[in-house]
Amino acid sequence: MAALLVLVLVAFAVIKFFPGLLLGNQHDHNHLAYDLVTSGLLAVAIMGLAFGAWATRKMRKELKARSFAHNEALALAQHDPLTGLPNRRRLLEAFADLSREISPDSFRAVMMLDLDGFKPINDVYGHAFGDNLLRSFADRLTEMVDQDGVVARLGGDEFAIVSPEFKDKSEAAGYARRLLTRISDRFEFGDRQISIGSGIGIALYPHDGYAITELLRRADIALYRAKSSGRSTYRFFEVDMDASILHRTLLEQRLRRAIEADEVNVHFQPILDMDTGRIAGFEALARWTDGDFGNVPPLEFIPIAEDCGIITDLTRHLLAEACEVAKTWPDDLYLSFNLSPVQLQDPALFSQITSILETCAFPAQRLVLEITETSLLKNPESAKRILAELTETGVSIALDDFGAGHSSLSYLRDLPIKKVKIDKSFTERMLVDKQCAAIVEAILVLSKGLEIDAVAEGVEESEIHDALNSNGCHYGQGFLYAAAVSATEAAELLDSQVDGRLPFTGKTDAA
């Protein structure tokens, strides 16, 4: 277009100022034609100039729109759409700049965080509520991190922080404590209030690595250790954590395969009626033997099942197996089964339990579900609703490890508790520790007043059995009577009762 316009203007100039070059001696005789030609060329030039200006303006607007769309797409690709925080991609880019700007003898902390119990909250209150909680959580992190640091959402309830510069490790520790304190403040959404916790795993740049991907991995390892250490705490990465995480990862893989292959089995520990000396019921306990790891304790593999979301599958398998075995016992014996704290927040728990009972044709009245005090803390209202639904079917509820956790008498008042199990840390020392003896006695008086059965755990000596019985404890469980045994051995225990009484004497080894 520009070349054509120049050509027209040149032709116009030649005709206008040098007519003799084109018209020769005929110029005077063709004056009218000459004027028409020059006017036409001038008009074409003006029109071309106007069109060129319009096209140029349109092109500029198109380029501006494309540039804006490109920048917007780039921003969306680098930020989390829910919270507006940088995502993992943006974090990787930002860390390159932050690591270059670090001062000598200084370091930055790369922190990994997540929300304790977010999935149950999301399930109970709905995804919209969960989204609001994530946005509020992100706002709190942002207000705590100044412009010299970065907060990013990596996905789900996982967040990462690249801190400002620190000179000393104690500064990073204080920073983590302030974050945890702010996070622990109640979140308010209308008339609903909720408290959550979080763990923090910390890796230091450049001490623990130079690449942000490696630092995030190590901070995630430290986060797992922090969550294993307790609620709302932080841990720095340590080299030996790598080995323990590798062990846990391998154990998790084996556990998944074991659950799929039904290799995690149920053993049964008898609960004795101290008045009659006969077995009143059995507690079902999970047992797993791996080909390489050997006998893996429940205290090790149950938390793994909870963390990686396979506890529901494990419970379904174990409860179904236990109910099938319990059907072969006398009708007056009950089956006691432990529920994970994670499951007590699951709205589908009621339908899962009732479905298993119906499939196995096992009476609900013979099932006792054991829960812990700590499992009631996160969402007592949800737990109360689920337990009420279960008790309506005839299932009984027992409060396990009573006295060892956050003992609240309101649980006994507000929840449909039919049994309390006295924690073995008290019964084992009640003969040598006056405080333990006083606590056991108080629990027995309380249970009698509330018309709740008390079961003493950890009974390993006949003297403890006698002391408990004389103080009004009617039920006991421990190695004095029997360890957890297979289904076949449980049947043999029932057959071994002499005149309806289980024979036991002396002190046994804890097997």
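A charge is taken to sit over a ring if NZ of Lys or CZ of Arg is within 6 Å of the ring centre and within 35 degrees of the ring normal. In this predicted model, Lys419 lies over the face of Tyr475, at 5.3 Å from the ring centre. A further contact of this kind involves Arg140, whose charged end sits over the ring of Phe187 at 3.6 Å from its centre.

Contacts between rings were examined next. A pair of aromatic rings is described by the distance of the centres and the angle of the planes. Across the whole structure, a search finds eleven aromatic pairs. One of these is formed by Tyr234 and Phe236, which meet edge-to-face with 6.1 Å from centre to centre and 90° between the planes. Tyr234 has a relative accessibility of 19% and therefore counts as buried, the cut-off for that class being under 20%; Phe236, at 13% relative accessibility, likewise counts as buried. For Trp288 and Phe301, the ring centres are 5.7 Å apart and the planes stand at 85°, so this pair is also edge-to-face. The contact links distant parts of the chain, since Trp288 belongs to strand β9 (residues 278–290) and Phe301 to helix α10 (residues 298–307), the two residues being 13 residues apart. Both Trp288 and Phe301 are buried. Elsewhere, ring pairs join Phe95, Tyr205 and Tyr210 into a cluster.

Tyr205, a member of that cluster, also takes part in a feature of the backbone. The peptide bond that leads from Tyr205 to Pro206 is cis, with omega near 10°, and Pro206 is placed in the loop between β6 (198–205) and α8 (212–229). As a general background, most residues other than glycine have a negative phi, and most peptide bonds are trans.

Positive phi values were noted at two further loop positions, Asp105 and Glu451. Asp105, although not a glycine, has a positive phi of about 65°, and this residue is found in the loop between α4 (88–100) and β1 (107–115). With a relative accessible area of 73%, Asp105 is exposed, because that class begins over 50%. Glu451, which is not a glycine either, has a positive phi of about 60° and lies in the loop between α16 (434–449) and β15 (453–456). Glu451 counts as exposed at 73% relative accessibility.

Methods: Residues numbered from 1 in each chain as written. Predicted model: local features only at pLDDT ≥ 70, side-chain atom pairs only at ≥ 80, totals over all residues. Heavy atoms only, no water. Phe/Tyr/Trp six-rings, centres within 6.5 Å; stacked < 30°, edge-to-face > 60°. Buried < 20%, exposed > 50% of the residue type's maximum accessible area, 1.4 Å probe, protein only. Helix = DSSP H or I, 4+ residues; strand = E, 2+ residues; numbered from the N terminus.
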